[in-house]
Amino acid sequence: MNDQYHHGDLRKALLEASVELIAEKGVAGLSLREAARRVGVSHAAPYRHFPDKNSVLVAIALQGYDWLAEAGEAAMVAHTDAQRRLDSYGVAYVLFARRHPVHFRVMFTESMELPEGVLPNNQHRSFDLLVDAASAAVGAGRDPLLTAVSAWSWPHGLAMLILDGRVPSENVATDEQVETLAWRVAAQLGGTLPEGVL
(Lines give C-alpha, C1' and ligand atoms only; values in the text may rest on other atoms or scores of the structure.)
Protein backbone atom coordinates (compact mmCIF):
# COMPACT_ATOMS: atom_id res chain seq x y z
CA MET A 1 0.00 0.00 0.00
CA ASN A 2 1.09 3.57 -0.78
CA ASP A 3 0.95 5.70 2.36
CA GLN A 4 3.18 8.49 1.04
CA TYR A 5 0.40 11.06 0.69
CA HIS A 6 0.58 14.33 2.56
CA HIS A 7 -2.49 15.18 4.60
CA GLY A 8 -4.22 17.36 1.98
CA ASP A 9 -3.06 15.25 -0.95
CA LEU A 10 -4.74 12.10 0.34
CA ARG A 11 -8.03 13.88 0.89
CA LYS A 12 -7.89 15.30 -2.64
CA ALA A 13 -6.96 11.92 -4.12
CA LEU A 14 -9.80 10.19 -2.28
CA LEU A 15 -12.28 12.79 -3.54
CA GLU A 16 -11.06 12.33 -7.11
CA ALA A 17 -11.34 8.55 -6.80
CA SER A 18 -14.82 8.92 -5.34
CA VAL A 19 -15.92 11.13 -8.26
CA GLU A 20 -14.61 8.48 -10.68
CA LEU A 21 -16.52 5.77 -8.82
CA ILE A 22 -19.76 7.74 -8.89
CA ALA A 23 -19.28 8.41 -12.61
CA GLU A 24 -18.96 4.67 -13.19
CA LYS A 25 -21.47 3.24 -10.70
CA GLY A 26 -23.70 6.07 -9.50
CA VAL A 27 -23.96 7.44 -5.98
CA ALA A 28 -25.05 4.04 -4.65
CA GLY A 29 -21.81 2.52 -5.97
CA LEU A 30 -19.55 4.79 -3.93
CA SER A 31 -17.40 2.85 -1.45
CA LEU A 32 -14.65 4.24 0.76
CA ARG A 33 -12.92 0.87 0.61
CA GLU A 34 -12.86 0.95 -3.20
CA ALA A 35 -11.72 4.59 -3.23
CA ALA A 36 -8.85 3.62 -0.93
CA ARG A 37 -7.93 0.70 -3.18
CA ARG A 38 -7.83 2.94 -6.24
CA VAL A 39 -5.66 5.50 -4.48
CA GLY A 40 -3.37 2.75 -3.20
CA VAL A 41 -3.75 3.26 0.54
CA SER A 42 -5.01 1.04 3.35
CA HIS A 43 -8.72 0.56 3.87
CA ALA A 44 -8.48 2.52 7.12
CA ALA A 45 -6.75 5.55 5.57
CA PRO A 46 -9.88 7.32 4.26
CA TYR A 47 -11.37 7.50 7.75
CA ARG A 48 -8.72 10.05 8.75
CA HIS A 49 -10.51 12.45 6.40
CA PHE A 50 -14.04 11.09 5.94
CA PRO A 51 -15.88 9.30 8.74
CA ASP A 52 -18.40 7.80 6.32
CA LYS A 53 -19.72 7.80 2.76
CA ASN A 54 -22.08 10.70 3.47
CA SER A 55 -19.17 12.95 4.42
CA VAL A 56 -17.57 12.24 1.03
CA LEU A 57 -20.79 13.21 -0.73
CA VAL A 58 -21.00 16.43 1.30
CA ALA A 59 -17.39 17.27 0.39
CA ILE A 60 -18.11 16.70 -3.32
CA ALA A 61 -21.27 18.84 -3.09
CA LEU A 62 -19.43 21.67 -1.32
CA GLN A 63 -16.72 21.59 -3.96
CA GLY A 64 -19.41 21.71 -6.63
CA TYR A 65 -21.19 24.69 -5.09
CA ASP A 66 -17.89 26.57 -4.85
CA TRP A 67 -17.06 25.82 -8.49
CA LEU A 68 -20.55 26.81 -9.60
CA ALA A 69 -20.34 30.12 -7.75
CA GLU A 70 -16.94 30.82 -9.32
CA ALA A 71 -18.27 29.99 -12.79
CA GLY A 72 -21.32 32.18 -12.25
CA GLU A 73 -19.25 35.11 -11.00
CA ALA A 74 -16.87 34.83 -13.94
CA ALA A 75 -19.76 34.75 -16.42
CA MET A 76 -21.57 37.72 -14.90
CA VAL A 77 -18.65 40.05 -14.23
CA ALA A 78 -18.45 41.46 -17.75
CA HIS A 79 -22.12 42.51 -17.84
CA THR A 80 -24.01 45.41 -16.30
CA ASP A 81 -27.44 44.68 -17.78
CA ALA A 82 -29.45 42.72 -15.21
CA GLN A 83 -31.12 40.35 -17.69
CA ARG A 84 -27.82 39.62 -19.41
CA ARG A 85 -26.27 38.87 -16.02
CA LEU A 86 -29.08 36.42 -15.22
CA ASP A 87 -28.79 34.75 -18.61
CA SER A 88 -24.99 34.58 -18.37
CA TYR A 89 -25.29 32.82 -15.04
CA GLY A 90 -27.79 30.39 -16.56
CA VAL A 91 -25.46 29.54 -19.43
CA ALA A 92 -22.56 29.09 -17.00
CA TYR A 93 -24.80 26.82 -14.89
CA VAL A 94 -25.54 24.51 -17.83
CA LEU A 95 -21.86 24.41 -18.83
CA PHE A 96 -20.88 23.63 -15.23
CA ALA A 97 -23.29 20.67 -15.22
CA ARG A 98 -21.85 19.35 -18.49
CA ARG A 99 -18.24 19.70 -17.32
CA HIS A 100 -18.84 18.36 -13.79
CA PRO A 101 -21.80 15.96 -14.08
CA VAL A 102 -20.92 13.99 -10.93
CA HIS A 103 -20.63 17.10 -8.80
CA PHE A 104 -23.86 18.44 -10.24
CA ARG A 105 -25.81 15.27 -9.48
CA VAL A 106 -24.34 14.95 -5.98
CA MET A 107 -25.26 18.58 -5.20
CA PHE A 108 -28.92 17.68 -5.64
CA THR A 109 -29.02 13.99 -4.67
CA GLU A 110 -31.49 12.78 -2.07
CA SER A 111 -28.93 10.16 -1.05
CA MET A 112 -26.96 12.74 0.92
CA GLU A 113 -27.88 13.85 4.43
CA LEU A 114 -27.01 17.50 4.85
CA PRO A 115 -25.32 18.41 8.14
CA GLU A 116 -27.14 21.35 9.66
CA GLY A 117 -25.50 24.65 8.79
CA VAL A 118 -22.88 23.19 6.45
CA LEU A 119 -24.24 23.04 2.92
CA PRO A 120 -26.75 25.91 2.94
CA ASN A 121 -24.02 28.57 3.21
CA ASN A 122 -22.34 27.33 0.04
CA GLN A 123 -25.69 26.83 -1.63
CA HIS A 124 -26.67 30.40 -0.77
CA ARG A 125 -23.45 31.78 -2.25
CA SER A 126 -24.51 30.36 -5.62
CA PHE A 127 -28.13 31.43 -5.22
CA ASP A 128 -27.20 34.90 -3.95
CA LEU A 129 -25.67 35.68 -7.33
CA LEU A 130 -29.09 35.15 -8.90
CA VAL A 131 -30.92 37.10 -6.21
CA ASP A 132 -28.56 40.07 -6.62
CA ALA A 133 -29.05 40.14 -10.40
CA ALA A 134 -32.80 39.58 -9.99
CA SER A 135 -32.99 42.51 -7.57
CA ALA A 136 -31.54 44.77 -10.24
CA ALA A 137 -33.91 43.33 -12.84
CA VAL A 138 -37.14 43.87 -10.88
CA GLY A 139 -36.16 47.20 -9.32
CA ALA A 140 -36.21 48.58 -5.82
CA GLY A 141 -39.00 47.62 -3.45
CA ARG A 142 -40.01 44.42 -5.25
CA ASP A 143 -39.32 40.86 -4.13
CA PRO A 144 -36.67 39.36 -6.46
CA LEU A 145 -37.20 35.77 -5.30
CA LEU A 146 -39.63 34.75 -8.07
CA THR A 147 -37.33 36.17 -10.74
CA ALA A 148 -34.33 34.44 -9.16
CA VAL A 149 -36.14 31.09 -8.99
CA SER A 150 -37.27 31.47 -12.61
CA ALA A 151 -33.71 32.27 -13.65
CA TRP A 152 -32.56 29.12 -11.80
CA SER A 153 -35.30 26.85 -13.15
CA TRP A 154 -34.57 26.94 -16.86
CA PRO A 155 -30.81 26.20 -16.67
CA HIS A 156 -31.38 23.48 -14.08
CA GLY A 157 -34.02 21.84 -16.25
CA LEU A 158 -31.88 22.10 -19.37
CA ALA A 159 -28.85 20.71 -17.54
CA MET A 160 -30.85 17.71 -16.33
CA LEU A 161 -32.23 17.07 -19.82
CA ILE A 162 -28.71 17.10 -21.24
CA LEU A 163 -27.22 14.88 -18.51
CA ASP A 164 -30.11 12.42 -18.79
CA GLY A 165 -29.62 12.14 -22.56
CA ARG A 166 -32.99 13.73 -23.38
CA VAL A 167 -31.41 16.23 -25.79
CA PRO A 168 -30.04 14.57 -28.96
CA SER A 169 -26.33 13.98 -28.32
CA GLU A 170 -25.30 15.47 -31.65
CA ASN A 171 -26.69 18.81 -30.44
CA VAL A 172 -24.73 18.85 -27.17
CA ALA A 173 -21.50 17.06 -28.06
CA THR A 174 -19.24 20.04 -27.27
CA ASP A 175 -19.14 22.93 -24.83
CA GLU A 176 -19.74 25.29 -27.74
CA GLN A 177 -22.94 23.49 -28.72
CA VAL A 178 -24.17 23.44 -25.13
CA GLU A 179 -23.40 27.14 -24.72
CA THR A 180 -25.25 28.01 -27.94
CA LEU A 181 -28.27 25.93 -26.95
CA ALA A 182 -28.37 27.54 -23.50
CA TRP A 183 -28.25 31.03 -24.97
CA ARG A 184 -31.02 30.16 -27.41
CA VAL A 185 -33.21 28.81 -24.61
CA ALA A 186 -32.57 31.99 -22.61
CA ALA A 187 -33.58 34.07 -25.64
CA GLN A 188 -36.81 32.09 -25.97
CA LEU A 189 -37.62 33.11 -22.41
CA GLY A 190 -37.09 36.82 -23.01
CA GLY A 191 -33.33 37.26 -23.05
CA THR A 192 -31.23 38.45 -25.95
CA LEU A 193 -28.63 36.51 -27.88
CA PRO A 194 -25.04 37.71 -27.65
CA GLU A 195 -23.26 38.62 -30.86
CA GLY A 196 -22.19 35.60 -32.84
CA VAL A 197 -24.82 33.24 -31.38
CA LEU A 198 -27.37 32.13 -33.97
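This section describes the fold, the nonpolar cores, the salt bridges and selected buried residues of a predicted model.

The chain contains 8 helices and 0 strands, and from the N terminus on its elements follow the order α-α-α-α-α-α-α-α. Along the principal axes, the C-alpha trace extends over about 55 × 40 × 30 Å. Of the 198 residues in the chain, 42% are buried, and among the contacts with a separation of 6 or more, 67% are made by residues 24 or more positions apart. The chain exposes an area of about 10,700 Å², of which carbon and sulfur atoms supply 51%. With regard to charge, the chain carries 17 positive and 24 negative charges, and the mean positions of these two sets are 5 Å apart.

The largest nonpolar core comprises 45 residues, and within this core Ile22 and Val106 touch the most other members. At least two residues of this core come from each of helix 1 (7-25), helix 2 (32-39), helix 3 (53-76), helix 4 (82-99), helix 5 (101-107), helix 6 (119-138) and helix 7 (145-163). The most is given by helix 3, which contributes 10 residues to this core. When residues up to four places away in sequence are not counted, Val106 touches Ile22, Val27, Leu57, Ile60, Ala61 and Met112. Apart from the largest core lies another core, of 13 residues, which includes Val94, Leu95, Trp154 and Val172.

A search of the whole structure finds 6 salt bridges. One of the salt bridges joins Arg38 to Glu34, with the closest N and O atoms 3.0 Å apart. Because Arg38 and Glu34 are 4 residues apart in helix 2, about one helical turn separates them. The partners have been assigned to separate classes of accessibility: Arg38, at 31% relative accessibility, counts as partly exposed, whereas Glu34, with a relative accessible area of 18%, is buried.

Asp175 takes part in salt bridges with two arginines, Arg98 and Arg99. In the pair formed with Arg98, the closest N and O atoms are 2.6 Å apart; because Asp175 lies in helix 8 (residues 175-188) and Arg98 in helix 4, this pair ties together parts that are 77 residues apart in sequence. Arg98 has a relative accessibility of 27% and therefore counts as partly exposed. In the pair formed with Arg99, the side chains meet at 2.8 Å, N to O, and this pair likewise links distant parts of the chain, with Arg99 in helix 4 and Asp175 in helix 8, 76 residues apart. Arg99, at 48% relative accessibility, also counts as partly exposed. Elsewhere, salt bridges that share partners join Glu24, Glu34, Arg37 and Arg38 into one network.

A further arginine of helix 4, Arg84, is buried yet has no salt bridge, the nearest side chain of opposite charge being that of Asp87, 5.3 Å away. The absence of a salt bridge follows from the cut-off, because a side-chain nitrogen of Lys or Arg must lie within 4 Å of a carboxyl oxygen of Asp or Glu. Once the neighbours of Arg84 within four places in sequence are left aside, Arg84 is in contact with His79, Trp183, Thr192, Leu193 and Pro194.

Two other buried residues were examined in terms of their surroundings. Ser18 is found in helix 1 and has a relative accessible area of 1%, so this residue is buried. Not counting residues up to four places away in sequence, Ser18 touches Leu30, Ala35, Val56 and Ile60, and Ile60 is also among the residues touched by Val106. Gly90 lies in helix 4 and, at 0% relative accessibility, counts as buried. With residues up to four places away in sequence not counted, Gly90 touches Trp154 and Pro155, and Trp154 is among the members of the 13-residue core. The C-alpha atoms of Gly90 and Gln63, which are 27 residues apart along the chain, are separated by 19 Å.

Technical notes: Residues numbered from 1 in each chain as written. Predicted model: local features only at pLDDT ≥ 70, side-chain atom pairs only at ≥ 80, totals over all residues. Heavy atoms only, no water. Core = buried A, V, L, I, M, F, W, Y, C linked by side-chain atoms within 4.5 Å. Buried < 20%, exposed > 50% of the residue type's maximum accessible area, 1.4 Å probe, protein only. Contact = heavy atoms within 4.5 Å. Areas by Shrake-Rupley, 256 points an atom, 1.4 Å probe, with all protein chains shown as cover. Lys, Arg positive; Asp, Glu negative; His and termini not counted. Charge placed at Lys NZ, Arg CZ, Asp CG, Glu CD.
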